[in-house]
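Student: I should like to study one part of this structure closely, rather than everything at once. Would you please choose a part and explain it step by step?

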Amino acid sequence: FRPADAVAASIVGHLDELRRSGSSSGEPLRLPGDRAAELEVENAARGIPVPGPLRARLSTLAERLGVTEDLEGGDA
């Protein structure tokens, strides 16, 4: 039995060591959830990318419904 923060620090240390070990191809080793965590940080910083065809459909729908808000992002 150990304090929760000590257990968490130990787990993080083991996972970091595993990542540093590398893969057989020489590429950095990624664990399940690593890419999702990277995307979450990117999306929080830049917003969620919307493909062009979907953006066009949303713009058409917004126009039909009379939505005049800027759909390009900006401050919410």
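Tutor: The account below looks closely at Asp 34 and its surroundings, after a short view of the whole.

This is a predicted model, in which local features need pLDDT of at least 70, side-chain atom pairs count only at pLDDT 80 or more, and totals for chains, interfaces and linings use all residues. Residues are numbered from 1 along each chain as its sequence is written, and side-chain values use heavy atoms, with hydrogens and water left out.

The protein has three helices and zero strands; these elements are DSSP runs numbered from the N terminus, where a helix (H or I) needs at least four residues and a strand (E) at least two. Along the sequence the order is α-α-α. The radius of gyration is 21 Å, well over the 11 Å that the globule rule gives for 76 residues, so the protein is more spread out than a compact globule. That radius is taken over C-alpha atoms, and the globule rule is 2.2 Å times the number of residues to the power 0.38. Along the principal axes, the C-alpha atoms fill a box of roughly 60 × 35 × 15 Å. Of the 76 residues, 4% are buried, where buried means under 20% relative accessible area, exposed means over 50%, and partly exposed lies in between (1.4 Å probe, protein chains only).

We may now turn to the chosen residue. Asp 34 is placed in helix 2, and its relative accessible area of 12% makes it buried. Its side chain reaches the backbone nitrogen of Leu 31 at 2.7 Å. This is a polar contact, a pair of N or O atoms within 3.5 Å; within protein, one atom must be able to donate a hydrogen and the other to accept it, and residues adjacent in sequence count only if both atoms are side-chain atoms.

Asp 34 also has a charged partner. Its side chain meets that of Arg 19 in a salt bridge with an N to O distance of 2.7 Å. Arg 19 belongs to helix 1 and Asp 34 to helix 2, so this pair ties together parts that are 15 residues apart in sequence. A salt bridge here is a side-chain nitrogen of Lys or Arg within 4 Å of a carboxyl oxygen of Asp or Glu, and by this rule the count is four. Unlike buried Asp 34, Arg 19 is partly exposed, with 27% relative accessibility.

Further salt bridges lie within helix 2. The side chain of Arg 35 meets that of Glu 38 at 3.1 Å, N to O; both residues lie in helix 2, three residues apart, about one turn of the helix. Arg 35 counts as partly exposed at 35% relative accessibility, and Glu 38 is partly exposed at 35% as well. Arg 35 also forms a salt bridge with Glu 42, at 3.6 Å from N to O. Salt bridges that share partners join Asp 16, Arg 19 and Asp 34 into one network.

The two helices that hold Arg 19 and Asp 34 can be checked for their length. The expected span of a helix is 1.5 Å times one less than its number of residues. Helix 1, residues 4–20, has 17 residues and should span 24 Å, which agrees with the 24 Å between its end C-alpha atoms. Helix 2, residues 34–46, has 13 residues and should span 18 Å, and its end C-alpha atoms are indeed 18 Å apart. Just after helix 1, Gly 22 takes a positive phi of about 75°. Helix 2 is followed by Gly 47, whose phi is also positive, near 95°.

For contrast, consider a nonpolar part of the surface. Val 50, Leu 54, Leu 58, Leu 61, Leu 65 and Val 67 make a nonpolar patch of about 480 Å². Patches are made of residues with over 30% relative accessible area and no salt bridge; like charges are joined within 9 Å, and nonpolar side chains (Val, Leu, Ile, Met, Phe, Trp, Tyr) within 5 Å. Areas come from the Shrake-Rupley method with a 1.4 Å probe, and for residues only the protein chains shown count as cover. Val 67 lies in the segment after helix 3 (52–65) and is partly exposed, with a relative accessible area of 40%.
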